[in-house]
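Subject: Structure handover

Hello,

Here is the structure you will be working with. Please open it and keep it beside this email while you read.

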Amino acid sequence: MTEERNTEQELNSQTEEETVEEVFAENEASEQTEEIPAQEEQQVPMEQKVAELEGKLDEADNRYLRLQADFDNFRRRSRIELEASAKYRAQNIITDLLPAIDNFERALKMDVDNEQAKSLKQGVEMVYRSLLDALKNEGVEVIEAVGKEFDPHLHQAVMQAEDENYGPNIVVEEFQKGYILKDRIIRPAMVKVNQ
């Protein structure tokens, strides 16, 4: 009987061990199946986060490229403005000097009869020539008008005439000289044009 009991106990202990092993095996299997969905659940937010970060990186790259393009445009505009200001730096002073030059020209047209007036006229003529030379050194040129074809960009027509000596649309007389600074018109010539 003791043997039977021992055998029975051995069988019971084997079955218990098998049952325990089965339970452990089932637990491990269930833990593994639970871990797989948990890992998959963790991967989904990670993939979303990676996609979100990639989107932010693309946006930052685009913003950087736009800023770089804006800066390049600003630098180019600044360079052009600097070149233009250097090229036309004398425009304001020339514009202010033109009425004085006109007055010198009127003074030189006056007829003088005594020696003192002639010497004064010579002095005025010397000052006038030195002013014109200074303007020429800055790039100012006088607009040629009389005998030339009327150009509305260079000439301002204030009168019309009918003169057979000139062709149609030709400048007959100049009332006020016009001036150009390099390629910019400072003042158009005031003229009379033949019809």
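A helix here is a DSSP run of H or I with at least four residues, a strand is a run of E with at least two, and both are numbered from the N terminus. With those terms in hand, please note that this is a predicted model.

**The annotated region**

The UniProt annotation "coiled-coil region", from an unreviewed entry, covers residues 50-77. In the model, that span is 100% helix and 0% strand. The C-alpha atoms at its two ends lie 40 Å apart.

**The sheet with E2, E6 and E3**

One open sheet has 3 strands in the order E2-E6-E3, and its pairing is mixed. Strand E2 (155-161) and strand E3 (171-176) stand at the edges; each has a single partner strand, so one side of each is left without a neighbour in the sheet. Neighbouring strands of this sheet are turned by 30° against each other on average, direction ignored.

Strand E6 covers residues 189-194 and runs antiparallel to E3, with 4 bridges joining the two. To find this pairing in the viewer, start at Val171: its bridge partner in E6 is Val193.

Strand E2 contains Val158. With a relative accessibility of 42%, Val158 counts as partly exposed. Val158 also belongs to a nonpolar patch on the surface, together with Met159 and Phe175. The accessible area of these three residues together is about 250 Å².

**The sheet with E1, E4 and E5**

Another open sheet of 3 strands has the order E1-E4-E5, with antiparallel pairing. Its edge strands are E1 and E5, each of which pairs on one side only. From one strand to the next, the twist averages 35°.

E4 and E5 are paired in the antiparallel sense over 3 bridges. For Ile180, the bridge partner in E5 is Ile185.

**Two residues with positive phi**

Most residues other than glycine have a negative phi. Two residues to look at in this respect are Asn169 and Lys182, as phi is near 65° in Asn169 and about 55° in Lys182. Neither is a glycine.

Where are they found? Asn169 is in the loop between E2 and E3. Lys182 lies in the loop between strand E4 (178-181) and strand E5 (184-187). Asn169 has a relative accessibility of 33% and counts as partly exposed. Lys182, at 36%, also counts as partly exposed.

**Salt bridges**

How many salt bridges does the structure hold? There are 9. Three of them are described below, including one within a helix.

The side chains of Glu83 and Arg79 meet at 3.7 Å, N to O. Both residues are in helix H1 (residues 2-87), and because they are 4 residues apart there, about one helical turn separates them. Glu83 is partly exposed, with a relative accessible area of 49%. Arg79 is partly exposed at 47%.

Another salt bridge joins the side chains of Arg89 and Glu138, at 3.3 Å, N to O. Arg89 lies in the loop between H1 and helix H2 (91-109), while Glu138 lies in the loop between helix H3 (115-137) and strand E1 (140-143), so the pair ties together parts that are 49 residues apart in sequence. Arg89 is exposed, with a relative accessible area of 56%. Glu138, at 25%, is partly exposed.

The side chains of Asp102 and Arg187 also form a salt bridge, at 2.8 Å, N to O. Asp102 is in helix H2 and Arg187 is in strand E5, so this pair ties together parts that are 85 residues apart in sequence. Are these two residues buried or exposed? The cut-off for buried is under 20% relative accessible area. Asp102 has 6%, so it is buried. Arg187 has 14%, so it is buried as well.

**Where to begin**

I suggest viewing the sheets before the side chains. For E2-E6-E3, find the pair Val171 and Val193. For E1-E4-E5, find Ile180 and Ile185. After that, turn to the salt bridge between Asp102 and Arg187.

Regards

Definitions and conventions
Residues are numbered from 1 along each chain as its sequence is written. This is a predicted model: local features need pLDDT of at least 70, side-chain atom pairs count only at pLDDT 80 or more; totals for chains, interfaces and linings use all residues. Side-chain values use heavy atoms; hydrogens and water are left out. Two strands pair if DSSP finds at least two bridges between them. Axes are lines fitted to C-alpha atoms, for helices over the stretch in contact, and angles run from 0 to 180 degrees between N-to-C directions. Patches are made of residues with over 30% relative accessible area and no salt bridge: like charges are joined within 9 Å, nonpolar side chains (Val, Leu, Ile, Met, Phe, Trp, Tyr) within 5 Å. Accessible areas come from the Shrake-Rupley method with a 1.4 Å probe; for residues, only the protein chains shown count as cover. A salt bridge is a side-chain nitrogen of Lys or Arg within 4 Å of a carboxyl oxygen of Asp or Glu. Buried means under 20% relative accessible area, exposed over 50%, partly exposed in between (1.4 Å probe, protein chains only). UniProt positions are given in the numbering used here, feature names are shortened, and annotations may be inferred rather than shown by experiment.
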